[in-house]
Amino acid sequence: MVPHDQTHLAADPRPEELLAVDLAGVVTQLMRRMRAASSQGALTPSQRAVLSRLYNEGPTTTAALARAELVRPQSMRMILAALEEQELVERAPHPTDGRQVVFSSTERGRQAITSVRQAKQSWLLEAIDTRLDADERRTLAEATDLLKRLVQE
């Protein structure tokens, strides 16, 4: 039986093609499970992504955030307005361009992202501890090293 997401492959797909489809599917499921474990109240995935980017990369403009998150500036303004309303981000004048503002995470926003990350890590640690034996954990560590190589630029 061929999983639904493999139906677009050729009649006799190469093993690498099947692996690529399976890996993409598993990574997607893993990310969903981790997001579910870290539900942060009223934050949408887009809001969490923006808040996380501000936490990691520091203050930036609406336009730069829109480019980084691959959304229209209008959509980014809506995301930032919702985060600002929850006091998770704050705006300040741009240091060199008086026509722009920069957004940064507030202490409350930083705490929210830290909480989300801790919940994700706790879920993953619990899953690894309870669902995998020692040999499987070693295999997962090796696979993680391979995944790191895949995403290196």
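## Close-ups of a helical model

**View 1. Helix α5, from end to end.** Helix α5 takes in residues 107-131, 25 residues in total, and reaches 36 Å from its first C-alpha to its last, close to the 36 Å expected at 1.5 Å a residue. Keep in mind that this is a predicted model. If you're hunting for the buried residues of α5, look for G109, A112, I113, V116, W123 and A127. Their cover includes α1 (residues 15-37) and also α2.

**View 2. T114, a residue of helix α5.** Here we zoom in on T114, which lies in α5. With a relative accessibility of 29%, T114 counts as partly exposed, since buried would need under 20% and exposed over 50%. Y55 is in the picture too: 59 residues separate T114 and Y55 along the chain, yet their C-alpha atoms sit 9.4 Å apart.

**View 3. Where helix α2 crosses helix α4.** This one shows α2 (residues 45-57) and α4 (residues 73-85), whose axes come within 10 Å and cross at roughly 80°. That makes α2 roughly perpendicular to α4, as the crossing angle falls in the 65 to 115 degree range. On the α2 side, the contact is made by S46, Q47, V50, L51 and L54. On the α4 side, M76, I79, L80, A82 and L83 do the job. Sort the contact residues by class and you get 8 nonpolar, 2 polar and no charged ones.

**View 4. The two sides of helix α4.** First, a quick check on length: the 13 residues of α4 should span 18 Å at 1.5 Å a residue, and the end C-alpha atoms are 18 Å apart, which agrees. Which residues of α4 are buried? They are M76, I79, L80 and L83. These residues cover an arc of only 95° around the axis, so they end up on the same side of α4. Turn to the other side of α4 and you'll find M78 and E85, both exposed.

**View 5. What sits over the buried side of helix α4, and what follows the helix.** The buried residues of α4 have cover that includes the helices α2 and α3 (residues 62-69). Strands β1 (residues 89-93) and β2 (residues 101-105) are also among the elements covering them. After α4 comes E87, and its backbone is worth a glance: phi is positive for E87, near 60°.

Conventions
Residues numbered from 1 in each chain as written. Predicted model: local features only at pLDDT ≥ 70, side-chain atom pairs only at ≥ 80, totals over all residues. Heavy atoms only, no water. Axes fitted to C-alpha atoms, helices over the stretch in contact; angles between N-to-C directions. Helix = DSSP H or I, 4+ residues; strand = E, 2+ residues; numbered from the N terminus. Parallel < 35°, antiparallel > 145°, perpendicular 65-115°, else oblique. Contact = heavy atoms within 4.5 Å. Nonpolar A, V, L, I, M, F, W, Y, C, P; charged D, E, K, R; others polar. Expected span 1.5 Å × (residues − 1). Buried < 20%, exposed > 50% of the residue type's maximum accessible area, 1.4 Å probe, protein only. Arc of directions from axis to C-beta.
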